[in-house]
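Hello,

Here is the structure I promised to pass on to you. Please have a look at it first, and then read my notes beneath.

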Amino acid sequence: MTQPTAAPSLLGVFAHPDDESLLAGGVLARHAAAGVRTAVVTATWTADSHRAPELAGALHVLGAGAPRLLGYADARNPASVPGGAVRLVDAPLDEAVGRLVGHIREVRPDVVVGHDALGQLTGHPDHRRTHQITLLAVEAAGLPHLYPDAGEPWRPAALYAATHSPSGVGRLSPLLRSVGKTVLAVPDAYVTTTVDVSPWAAVKWEAILAHRSEVARSRALPGLLARLPEAERAEIICTESFTRLSLSPAPGDPHRLTA
């Protein structure tokens, strides 16, 4: 994701509709504009919920294809599954991993982007669970004996966790604290990749606005951003930070464990 000469194909895996636009909208738009495969899996909310059309609109703006839904309920919102379904945080881990493995093997991405271990600033339990599922699914997708009915094995080359550090939170911290939300951040050293997405900021903002029901909520981040002056909003959305998580064996002594 750092100055690619030929952009790698990209799969985002996020907990809720709007996470993809807020956390990686610029990177998704940049890769789609380069003409490579770009897709998003959303862990919660179902096709018959009111947010599914909003997600479809946002992904269309970003060039990330049609929604791919794991079909679980939001931990805090029963309206996420009008027909009824288990919450993501209560779903059997093996089942959820298997569903995501199917999407990874179908899309065959070079790079997977998802949540960090903290659960993105506010520590939402769906974010944390999606991070755990993504870690397991990315590894499992490359192993032919795991989930053999989920498609031909595929091993992504890299996994990135969208994240925020104390020095990178900037205006987001007072914005979220103003509505009583806790702000969590990883140490600065955890951020391995910082992407200036200014050229795609307008596309990213259009995708965020596509999540109309969240823009209308006064405490939701899209709604908070919509009420900011344009210059302040741009300062927040024009930078995306990630931690690269290792997928390849590291070099070392072949006969003993080393740090």
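Below is what I found, beginning with the sheet and moving on to helices and single residues.

Please keep in mind that this is a predicted model.

**The sheet**

A good place to start is the open sheet, which has 7 strands in the order β3-β2-β1-β4-β5-β7-β6, with mixed pairing. Its edge strands are β3 (68-72) and β6, each of which pairs on one side only. On average, neighbouring strands in this sheet are turned by 25° against each other, if direction is ignored. Helix α1 packs on the sheet and touches β1, β2 (38-44), β4, β5, β6 and β7 (239-245). The direction of α1 makes about 85° with that of β7.

As background, strands of a sheet pair through backbone hydrogen bonds, and they do this either parallel or antiparallel. Two pairs are worth following on your screen. β1 and β2 pair in the parallel sense over 5 bridges, and there you can find L11 standing opposite A39 of β2. β4 and strand β5 (residues 158-163) also run parallel, joined by 4 bridges. Within that pair, V111 has A158 of β5 as its bridge partner, while G114 has A161.

How many residues of β2 are buried? The count is 7 of the 7, so β2 is largely enclosed by the rest of the structure. For β5, 6 of the 6 residues are buried, so this strand too is largely enclosed by the rest of the structure. In a regular strand, side chains alternate between the two faces of the sheet. You can see the two sets in β5: A158, Y160 and A162 point one way, L159, A161 and T163 point the other way, and all are buried.

At one edge of the sheet, have a look at T193, which lies in strand β6 (residues 193-196). T193 counts as buried because its relative accessibility is 5%, and the cut-off is under 20%. Its side chain makes a polar contact with the side chain of T192, at 3.3 Å.

**A pair of helices**

Next, please turn to helix α2 (residues 51-62) and helix α7 (residues 201-209). These two pack at an angle of about 170°, and their axes are 8 Å apart. Angles over 145 degrees count as roughly antiparallel, and α2 and α7 are therefore roughly antiparallel to each other. On the α2 side, the contact is made by A58, V61 and L62. On the α7 side, V203, K204, E206 and A207 take part. Sorted by class, the contact has 5 nonpolar residues, 2 charged residues and no polar ones.

**R51 and its neighbours**

Helix α2 also holds R51. Is this arginine buried or exposed? R51 has a relative accessibility of 4%, so it counts as buried. A polar atom of the R51 side chain lies 2.3 Å from the backbone oxygen of P17. Leaving aside residues up to four places away in sequence, R51 touches P17, D18, W45, H211, S213 and E214.

One of those neighbours, D18, deserves a visit of its own. D18 is found in the loop between β1 (10-14) and α1 (19-33). Its phi is near 100°, a positive value in a residue other than glycine. With 6% relative accessibility, D18 counts as buried.

**Two more loop residues**

Q120 is another residue other than glycine with a positive phi, in this case near 60°. You will find Q120 in the loop between β4 (111-114) and α4 (125-140). Its relative accessible area is 6%, so Q120 is buried.

Finally, look for R217 in the loop between α8 (212-215) and α9 (221-226). R217 counts as partly exposed, because its relative accessibility is 42%. Not counting residues up to four places away in sequence, R217 touches G223 and R227. If you would like a sense of distance, R217 and V36 are 181 residues apart in sequence and 34 Å apart in space, from C-alpha to C-alpha.

Enjoy exploring, and do write back with any questions.

Best wishes

How values were computed: Residues are numbered from 1 along each chain as its sequence is written. This is a predicted model: local features need pLDDT of at least 70, side-chain atom pairs count only at pLDDT 80 or more; totals for chains, interfaces and linings use all residues. Side-chain values use heavy atoms; hydrogens and water are left out. Buried means under 20% relative accessible area, exposed over 50%, partly exposed in between (1.4 Å probe, protein chains only). A polar contact is a pair of N or O atoms within 3.5 Å; within protein, one must be able to donate a hydrogen and the other to accept it, and residues adjacent in sequence count only if both atoms are side-chain atoms. Two strands pair if DSSP finds at least two bridges between them. Axes are lines fitted to C-alpha atoms, for helices over the stretch in contact, and angles run from 0 to 180 degrees between N-to-C directions. Contact means heavy atoms within 4.5 Å. Angles under 35 degrees count as roughly parallel, over 145 as roughly antiparallel, 65 to 115 as roughly perpendicular and the rest as oblique. Ala, Val, Leu, Ile, Met, Phe, Trp, Tyr, Cys and Pro count as nonpolar, Asp, Glu, Lys and Arg as charged, and the others, Gly among them, as polar.
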